[in-house]
Amino acid sequence: MRQLLRVSAAGLLLGCSSGAAATGASEAELSPLQPGLDYHSFANIEQFRVTHLDLNLRVDFHNKVLFGAVGLEIKRLDPRATELVLDTRDLDIRDVEERPTDVLGATAKSQTTWVSRPFHFDKADPILGSPLVIELAPLQKKTTELIRIDYVTSPTSPALHWLDDNQTTGKHQPFMFTQAEPIAARGWIPLQDTPQVRVTYTAHIHTSNDVIAVMSARFDPKAKRNGEYVFEMRDAIPSYLIALAVGDLRFKETGPRTGVYAERPLVSAAAEEFAGTEAMMQAAEKMFGPYRWERYDVVVLPSRFSLGGMEYPRISFVSPTILTGDKSQLSVVAHELAHAWSGNLVGNATWRDLWINEGLAEYLQSRIISAAYGEPRDAMERVLGLDSLRTDLAKRKSQDQALAIDLRDRDPAAAFSSVPYEKGRLFFTYLEGKFGRERFDDFLRAYFEHFAFKSLSTEQFLGYLKDHLLDRYPGVVSRDQVMQWVLAPGIPADAVLPASDAFQRIDQARGDWLAGKVPAKKLDTRDWMTPQWQYFLDGMTSPLRKEQLAELDQAFGFMRSGNALVSSSWLMLVIRSAYTPGFPRLEEYLQSVGRRKLIEPLYEEMMKTPAGAVMAKRIFAQVRPGYHAYTAAAIDAIVNPASEDAE
Ligand code: BES
Ligand code: ZN
């Protein structure tokens with residue numbers, strides 16, 4: 001149905017879709033993929049476009065719901081259309097009202113002109129949620145139309161993460177935040193949940209007066225803590241970038257247009273760690289053009305946040321696990337900042353085109369880190385990135401090794417592997433190498449300018465690349481070479497692979513220690529940074545003896561490390577070596593950290609032995625309620641593989 005609806009609007013492929021229904025084969029098998037068509041939204045965007053949202057929501061920590069209303073400004077592109085289809089997931093829709101267009105001009109803001117409209121849900125899809133169909137009156141006059149939807153979210157919505165007081169850092173107030181990418185915005189707002197529709201928004205958020213609310217919008221960082229917060233986003237952004245966090249946050253300025261929000265115990269450490277944000281912004285602006293979002297703040301969320309960072313416009317959400325004290329994880333801030341150009345300013349039209357967001361953000365991140373902290377710092381990251389790309393490529397079937405992959409009938413979260421990130425970064429590095437930095441930077445600046453506040457598909461990107469780079473400097477890179485990167489599996493043979501000598505010393509140190517040549521205490525580790533410590537520990541490929549682990553711990557204090565990345569690598573070794581003195585720390589770690597990249601490997605490793613599996617199941621049963629819904633589901637699949645099959 002979804003396919004028919006959207007495809008008929010585009011006037012294509014109708015026969016294939018009905019054919020698929022008749023034979024029972026999946027659409028993906030029978031019909032050619034249509035570039036730029038978002039298969040992960042029910043919204044009839046050829047007929048209607050939502051252009052602006054007015055949110056008015058109350059945060060109810062007790063019931064773990066948001067309730068209130070959203071006003072939608074819509075343009076009816078097809079004057080005959082009367083059914084507006086919006087994306088929703090687990091939303092309790094209480095009422096839908098319309099302000100009739102014939103009276104709009106005359107009685108502009110009057111409260112009395114709202115009229116209820118009939119609505120119903122079409123058949124729900126396990127991945128896509130429930131299409132909300134609103135029946136509108138026939139169009140009287142060509143103008144902007146307004147509708148208002150009263151609704152309540154569900155306590156189990158995957159868009160919302162709720163934490164009790166004791167699951168926060170400060171432990172005095174509860175905390176909540178939204179996480180919508182890729183398709184969970186529909187779990188907290190009924191809207192056209194596709195990245196090719198961009199909206200501006202305003203929001204009024206009501207909370208108790210001992211917490212504050214922040215959003216991906218303009219607001220006053222010094223506003224009174226009175227439970228009433230007002231926001232305005234004047235630039236058009238995709239639905240997955242609408243974000244809200246509420247908790248006992250403090251603000252600290254780090255520059256004229258930068259600052260940090262964190263719970264009180266972390267705010268000073270965060271301000272110190274992120275003091276260089278303004279310098280990174282200036283480096284980025286010099287290379288890629290002006291920063292278009294006025295301010296850039298960073299919010300440090302409680303440690304159960306499932307990501308390293310998330311790139312909301314004007315404000316990034318980050319995990320406290322990136323506060324490593326050595327500024328090594330500024331690459332996460334650089335990455336989220338890079339999205340201010342790649343993704344937020346110019347973004348993917350569908351989730352198949354994710355590599356345009358993430359691959360280019362990785363490349364820009366590298367450039368920012370190199371400019372602000374030197375090339376060797378970045379080279380370390382790229383080498384580790386290549387390792388993870390190789391690991392992921394080995395696990396993925398060949399169609400899923402391309403940059404642009406077919407995600408029909410799949411959860412688009414499946415797109416998020418190292419492939420769009422690291423292969424994407426290699427592709428842009430390759431282009432830079434071939435055309436030279438100056439020409440490539442000119443190209444990038446023009447690209448961000450040309451597509452500013454728009455979304456584009458892989459094919460549109462390739463068209464622009466051809467016109468403005470390949471054809472402009474003929475004979476440098478052929479279209480076939482580009483297609484090899486974008487559509488073929490593996491890493492093309494002419495890729496320029498990263499190298500770093502920062503790890504040779506670590507290999508040497510590890511080798512010396514393992515061979516019993518140098519005791520741990522005597523290793524010269526004074527200037528090692530977090531990635532080097534991770535590399536040191538991750539490189540112990542076979543299990544260690546009890547005495548060896550005790551010696552390492554004694555020399556470097558791994559068991560008490562406050563660095564969550566180093567702890568994760570250490571605990572991996574603890575599990576692999578069945579080092580029982582480390583188990584209490586493992587349990588404590590899994591109780592507080594929710595960042596998937598750091599905890600999934602630990603569960604996977606535990607599942608490799610029967611005793612470990614018992615432990616993994618026991619710990620997971622305990623900590624599950626504190627994890628985000630998607631994290632819980634992913635770990636459930638690792639820890640209880642049989643139950644997943646049964647579903
Ligand atoms: N946009 C992503 C976060 C994301 C990933 C959202 C998957 C939804 C699904 C963000 O920019 C990101 O890539 N974060 C990385 C850190 C980065 C340095 C690679 C992360 O959280 O690991
Ligand atoms: Zn990213």
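The following paragraphs describe the nonpolar cores, one helix and several strands of a predicted model.

Residues are numbered from 1 along each chain as its sequence is written, and chains are lettered from A and ligands numbered from 1 in the order in which they are written. Because the model is predicted, local features need pLDDT of at least 70 and side-chain atom pairs count only at pLDDT 80 or more, whereas totals for chains, interfaces and linings use all residues; side-chain values use heavy atoms, with hydrogens and water left out.

The largest nonpolar core (a set of buried Ala, Val, Leu, Ile, Met, Phe, Trp, Tyr and Cys residues joined through side-chain atoms within 4.5 Å) has 151 residues, and those with the most contacts inside it are Ile149, Met215, Ile242, Phe274 and Phe317. Helix 8 (residues 354–373) gives the most to this core, with 9 residues; helices (H or I, at least four residues) and strands (E, at least two) are DSSP runs, numbered from the N terminus. When neighbours within four places in sequence are left aside, the residues in contact with Phe317 (heavy atoms within 4.5 Å) include Phe177, Leu244, Val299, Leu301, Phe305 and Tyr312. A second, separate core of 48 residues includes Trp513, Phe536, Val593 and Ala632.

In helix 16 (residues 546–556), Gln548, Leu549, Leu552 and Asp553 are buried, where buried means under 20% relative accessible area, exposed over 50% and partly exposed in between (1.4 Å probe, protein chains only). These four residues lie on the same side of helix 16 because they cover an arc of only 130° around the axis, the arc being that of the directions from the helix axis to the C-beta atoms. On the other side of helix 16, Lys546, Glu547 and Gln554 are exposed. The buried residues are covered by elements including helix 14 (504–514), helix 15 (530–538) and helix 17 (564–576), and Gly557, just after helix 16, takes a positive phi of about 65°.

Strand 16 (residues 258–263) is mostly covered, with 6 of its 6 residues buried. Thr258, Val260 and Ala262 point one way from strand 16, while Gly259, Tyr261 and Glu263 point the other way. Strand 16 pairs (at least two DSSP bridges between two strands) with strand 15 (residues 249–253) in the antiparallel sense over 5 bridges, in which Leu249 has Glu263 as its bridge partner, and a hairpin joins the two strands through 4 residues. Strand 16 also runs parallel to strand 17 (residues 296–300), to which 4 bridges join it, and Tyr296 is the bridge partner of Thr258.
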